[in-house]
Amino acid sequence: MVGSLGLTPESLKASGRSSESVSLLILQGKIKRDPDGYETELQLIYKQFKTSVDVFQQQAAVSFSSVGSDPSVAKDLGDRAMFLAHVTPFYPKQLAAFPAQLTDLLRTSSLAMPSGLRNHVAQALILLMNRKSLVIEDLLALFLDIQTLGDKNLRTLAFSHIVQTIRKMSATDPKHKSLQKIVISMLELEDEAKAKRALATLCELHKKKIWLGDKNERVAIAICEACFHTSPRIMISALRFLLDYENIDDDDDSDAESDDDEEAKKISQVVISRQAIYKANNKGTSSSKKKKQAKLQRAVKSIKKKQRSSSENTTSAFSPLNHLNDAQKFAERLFSRLQTIKGTGERAETRLMMIKVIARTIGLHKLHLLSFYTFLQNYAMPHVKDITQILAAAVQSCHDGVPSDAVEPLFKQIVNQFVHDRSRPEAIAVGLNVVREMCLRIHELMKEELLQDLALYKKSHEKAISAAARSLIALFREINPSLLVKKDRGRPGATVAKPKQYGEAHVFSNVPNVELLQESDRESGSDGDQDDDDTGLPSCDDVEQELITDDCSSEEEAEDDSNDGDDMTIAEDDSDIDTSIGGGEDEEMNDSDEADTDSENEVMESEDDDGEASDSCGEDSGNKEKAKGTKRKIADFDANLLSADTSLRALKRFAEAKTEQPSFDENDGILSNEDFRKIKELQAKKEAKIALARKGFKVPDSDQLSKKRVDPAKLEAHIRHKLTKEQRLELVKAGREDRGKYQARAAIKQKKTGGSSNKQKEHRKNMPLAAIRSKAGKSKRTKKMKNSLSGSQFRGRKAWK
């Protein structure tokens, strides 16, 4: 022990101690308790460290094999380096040069070091950095270099330390311009190994939202610029990160969401009145209850879908593509590189990733790269590999700022190549879905004759084709129903939508949805008792739980309602049944298949609308009915919506109240945070009512479409793909899990316990003697009669008598 430390008995005696066996760990603990008393031992060990460094460097200069032949030198050097790193804070003057010496050792001799010594020296440097004897600026470039040595443990150690250190420092200084400059400069090097580690560091920091935001936009720009690196591996890594960024699950256990995010989640909860839930569960027959419950569930799903899309938009807002200073130049440079590598034998996966990044950039920033659509025409064929992803990129690159003439050749080729009678059902379904998504972004692409031809595919026996054609019809019912045939336009009383022209945009002259705040203030000032839906509003989960009811209970409730004996209440229930809340897209498209049933439903709905209008006009007589003691009808809230659109009296009252209400410009023109929160709540209520009372779907605006990523899997909706042999075997094995081992029925009977059955006993029982004699006599008589009649002539009744 003493010899390993290099402490002679004379030196220990001179220091006032005996030559007891000591170790570095014991000496380390003693130094931490009494630093001044062990200064002599520290100087001896520090001299031994310098000697070990010299010996190691001499052996490394001679040959690498000598280092491997004498592992004790490396072991002693690593132990003393760790010891000095632990005690450096207690001797700042004596060990002032030790951190620099250790750094130079790792920088100059890292290749010659064995793996264990490299890890010990790296851990010692990390310890010195944690004790603030070193700063990360001095070690960042070194730790990025040693990650390229091929040592997996060392690479993991250095990488995790860099990320965690920068993460802690970001709490005080989020910019770290000096650190960013070091990593970005290493990313720009031509050395592939160093640039790859620098890119991995930047991507990890950006993924953990450390170097993120407008203040750190140079990091996002550097990641995007890595797509033009001379090394193909760096380019592929950058492209893959840009494409997969929105699918990254945050493993970060950082701070929770802010108060604004929590309030937004609370506001976005589904707002559905208890009155609608009560009618869906308790009023009407079983069939009408099922319809109302289905409509409520569709409303819940639509609003949940909107919540998910809003959360996806928040994650896509952190994408590095959002922080490009010149997105047009980036797209043009990447497109030119795509064209140059097309004939160089580059892999098809690399070209596909470049196409998807270009399309994502065009759609996100609404760029004009018209030659990109011509380039995609070369791939718009059903037999091309990964054609669905290419078509999704084509859809992603379309936006309302692109003229329809530039996209029309690509659009026509997709229709001609995919949607025809000789094409496969899968190709027709994908083609129709792509046509729908492109027309959703550029309305001018569709012509009247083409739309009417495509609408005929709704009668196809393939579910994927018919669903795609019906979704196309439902889209044009919302954006331009005049292109459809009369029977496909939906309800005749609905308002006809006017398609926007090219370049037309809606400009807000005031705060969006501020009129909702004015209406709520006016209603609360006039009558505070009329707010039926503001109290006790259930959330989305509560609605789904209440909607799950048994058919038996609904039928019993219907019979109880029919046995009440009050004709007025029965009539009111019937009116509530017929006044159906607008259904969803699937119900609407199913009704459009059969013209006869559709016309009958329209007649019934028109009669119901007349009844609702008469009920809404008779609100003034409600007090009289109350005075007489009759039961006052509770008007359905969706009926109020429909009647408000048709009632001239309601429109007149609304116009008079709007003129009487002073505008915000006349007061102070300033809205507080409470006002904006209330506007969000009112907007959520309004969207819930629209989802319940409206058929079809709401067409998203161009900003929502540009932020949302097009999923190629959705273009293949309802398509049944052929299963491979392995997949079929997995399904077979999954079906056999709950089933026991096969056995024959006879084997099961033989293994039966508990005695024989009555049927088995009957087979074993002997027949009585009388039964045996009667059976024998009967058989003898039958045989005798058969013999007597076998040769005789037929003497029965003639057919003509």
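This is a guided tour of one predicted protein model, stop by stop, for your viewer.

**Before you start**

Number the residues from 1 along each chain as its sequence is written. In this predicted model, local features need pLDDT of at least 70 and side-chain atom pairs count only at pLDDT 80 or more, while totals for chains, interfaces and linings use all residues; side-chain values use heavy atoms, with hydrogens and water left out.

**Stop 1: the whole chain**

Show the protein chain as a cartoon. Its secondary structure comes to 40 helices and zero strands. Helices (H or I, at least four residues) and strands (E, at least two) are DSSP runs, numbered from the N terminus.

Now switch to a surface. The protein chain exposes about 47,700 Å², and carbon and sulfur atoms supply 51% of that area; accessible areas come from the Shrake-Rupley method with a 1.4 Å probe, and for residues only the protein chains shown count as cover. Of the 801 residues, 38% count as buried. Here buried means under 20% relative accessible area, exposed means over 50%, and partly exposed is in between (1.4 Å probe, protein chains only).

Turn to the contacts, meaning heavy atoms within 4.5 Å. Among those between residues at least 6 apart in sequence, 74% join residues at least 24 apart.

**Stop 2: colour by confidence**

Colour by pLDDT, the predictor's confidence in each residue, from 0 to 100. The chain has a mean pLDDT of 75, and 69% of its residues reach 70 or more. Select residues 65-69: the pLDDT there is below 50, and beyond near neighbours in sequence this stretch has six contacts in the model. Then select residues 548-635, where the pLDDT is also below 50. Beyond near neighbours in sequence, the stretch 548-635 has 99 contacts in the model. Where pLDDT is low, the predicted coordinates should not be read in detail.

**Stop 3: L27 in α3**

Select L27, which lies in helix α3 (residues 24-33). L27 is buried, with a relative accessible area of 6%. Leaving aside neighbours within four places in sequence, L27 is in contact with Y38, E41, I45 and F83. Draw a C-alpha to C-alpha distance from L27 to Y38: these residues are 11 apart in sequence and 8.4 Å apart in space.

**Stop 4: α9 and its surroundings**

Which residues of α9 are buried? Select residues 136-146 and pick out I136, L139, L140, L142, F143, L144 and I146. The buried residues of α9 pack against α7 (98-109), α8 (115-130), α10 (152-169), α11 (177-187) and α12 (192-207).

While α8 is in view, click on N130, which sits in that helix. N130 is exposed, at 52% relative accessible area. Its C-alpha atom is separated by 9.0 Å from that of T165, 35 residues apart along the chain.

**Stop 5: α12 beside α14**

Two packed helices are described by the angle between their axes and the distance between the axes. Keep α12 and add helix α14 (residues 232-244): their axes come within 10 Å and cross at roughly 10 degrees. Axes are lines fitted to C-alpha atoms, for helices over the stretch in contact, and angles run from 0 to 180 degrees between N-to-C directions. The two helices are therefore roughly parallel to each other; angles under 35 degrees count as roughly parallel, over 145 as roughly antiparallel, 65 to 115 as roughly perpendicular and the rest as oblique.

Show side chains for E192, A195, K196, L199, C203, H206 and K207 of α12, and for R233, I234, S237, A238 and F241 of α14, which make the contact. By class, this contact has six nonpolar, two polar and four charged residues. Ala, Val, Leu, Ile, Met, Phe, Trp, Tyr, Cys and Pro count as nonpolar, Asp, Glu, Lys and Arg as charged, and the others, Gly among them, as polar.

**Stop 6: K366 and Q413**

Go to K366 in the loop between α19 (348-365) and α20 (370-376). K366 has a positive phi of about 55 degrees although it is not a glycine. At 27% relative accessibility, K366 counts as partly exposed.

Next, select Q413 in helix α22 (residues 404-418). Is Q413 buried or exposed? At 18% relative accessibility, Q413 counts as buried. Outside its neighbours within four places in sequence, Q413 is in contact with Q377, A380 and M381.

**Stop 7: D703 and H718**

Finish with D703 in helix α36, a partly exposed residue with a relative accessible area of 43%. The C-alpha atoms of D703 and L364 are separated by 8.5 Å, with their positions 339 residues apart along the chain. Then move to H718, in the loop between α36 (702-707) and α37 (725-735). H718 has a positive phi of about 65 degrees although it is not a glycine, and counts as partly exposed at 47% relative accessibility.
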